[in-house]
Amino acid sequence: MAMENKKLLKGKTCLITGASGDIGRSVALLFATEGGRVIGTYHKNAEKARSLENLARKMSLDVNIKSLDVANEAEVINFFNELNEKEKRLDVLVNVAGHSDRRVWFAKPEELTAKEWIEVFNTDLIGMFNCCKEAAKIMFRKKIKGSIVNFASAAGVTGHVEGFPYTAAKAGVIAVTKSLAYYFGPKVRINAVAPGNIDAGSIRWYDERAKELLANEASLRRLGSTDEVAKVVLFLASDMSSFVTGQTILVDGGI
Ligand SMILES: NC(=O)c1ccc[n+]([C@@H]2O[C@H](COP(=O)([O-])OP(=O)(O)OC[C@H]3O[C@@H](n4cnc5c(N)ncnc54)[C@H](OP(=O)(O)O)[C@@H]3O)[C@@H](O)[C@H]2O)c1
């Protein structure tokens, strides 16, 4: 019997925050390749957003990019209200957007201010939560069996000697994901991925020697690629994981 070659996200509208970033770009391209109608967001990097849109157009993929600051509650609510009016459906939300500030990342505990803690939490935890609740409202209103995937981090499980507000916020993402799964079930599933050291984003702030040390933390003795993360996100977003909710999958090469 011939195997059915059905695209995993055919007919699904997928919103991906942080699509202008390294991992978000891979998620957006993979989702569109799998037949999804992709709406991606960027915050400050309009150039990377445009380059993603152009590449998708060349590949005949359905990717549209919009601007969104997830740390701005009013903007998030407006964004989802517009989405509710303009789009027929919302099947998948992937919260990739994550705070990115080299100074805050490398700051020692005694150097960190409350303002910086709040800034990280506003994006990585509260912003993510607000997007989850607004997306779920649309999914419930339109009677869609949706799927939400949040970006946590392996550092939210193991802790890390840098990025103190970040590790705390990412641990919060794991807990909020678990809690929302109880609240959103049985209609909407919600899970998280927790990447380890991926050759992307903040890892690029390290020199080659430091990157080698990070790579050797993993049993697989290398950094992960953005595509390897995207494939796990696809599993969680699609019906392939139809009996999975409230979980966090580590994509860390075995730390
Ligand atoms: N790289 C790793 O090894 C690693 C490990 C564990 C977890 N993660 C997580 O994976 C996710 C993606 O990381 P990445 O490596 O791809 O980093 P990245 O390239 O720096 O991407 C970060 C993305 O978040 C967006 N963003 C930042 N602040 C925002 C805000 N206030 N509102 C909306 N969007 C905002 C950025 O938009 P603009 O660029 O347009 O401003 C960008 O699209 C993050 O959640 C990160 O914490 C990464």
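In this tour, Ala, Val, Leu, Ile, Met, Phe, Trp, Tyr, Cys and Pro count as nonpolar, Asp, Glu, Lys and Arg as charged, and the others, Gly among them, as polar. Keep in mind throughout that the model on your screen is predicted.

Start with the whole protein chain, where you can trace nine helices and seven strands, and where the C-alpha trace spans about 50 × 45 × 35 Å along its principal axes. A compact globule with 255 residues would have a radius of gyration near 18 Å, and the protein chain, at 18 Å, agrees with this. Buried residues make up 45% of the chain.

Next, select the ligand together with the 30 residues around it, among which Gly18, Gly21, Ala97, Gly98 and Gly201 come nearest. If you colour this shell by residue class, you should find 12 nonpolar, 15 polar and three charged residues. Which helix gives the largest share of the shell? It is helix 1, residues 22-33, which contributes three residues.

Now select helix 1 itself, whose 12 residues reach 17 Å from the first C-alpha to the last, close to the 16 Å expected. Is this helix mostly covered or mostly uncovered? It is mostly covered, since 10 of its 12 residues are buried, including Ile23, Arg25, Leu29 and Phe31. To see what the buried residues pack against, add strand 1 (13-17), strand 2 (37-42), helix 2 (46-58), strand 3 (63-67), strand 4 (92-95) and helix 9 (226-237) to the view.

Finally, move just past the end of helix 1 to Gly35, which takes a positive phi of about 90°.

Note on methods
Residues numbered from 1 in each chain as written. Predicted model: local features only at pLDDT ≥ 70, side-chain atom pairs only at ≥ 80, totals over all residues. Near = placed C-beta within 6 Å. Helix = DSSP H or I, 4+ residues; strand = E, 2+ residues; numbered from the N terminus. Rg over C-alpha atoms; globule rule 2.2 N^0.38 Å. Buried ≥ 20, exposed ≤ 12 C-beta atoms within 10 Å, placed from the backbone. Expected span 1.5 Å × (residues − 1). Contact = placed C-beta atoms within 7 Å.
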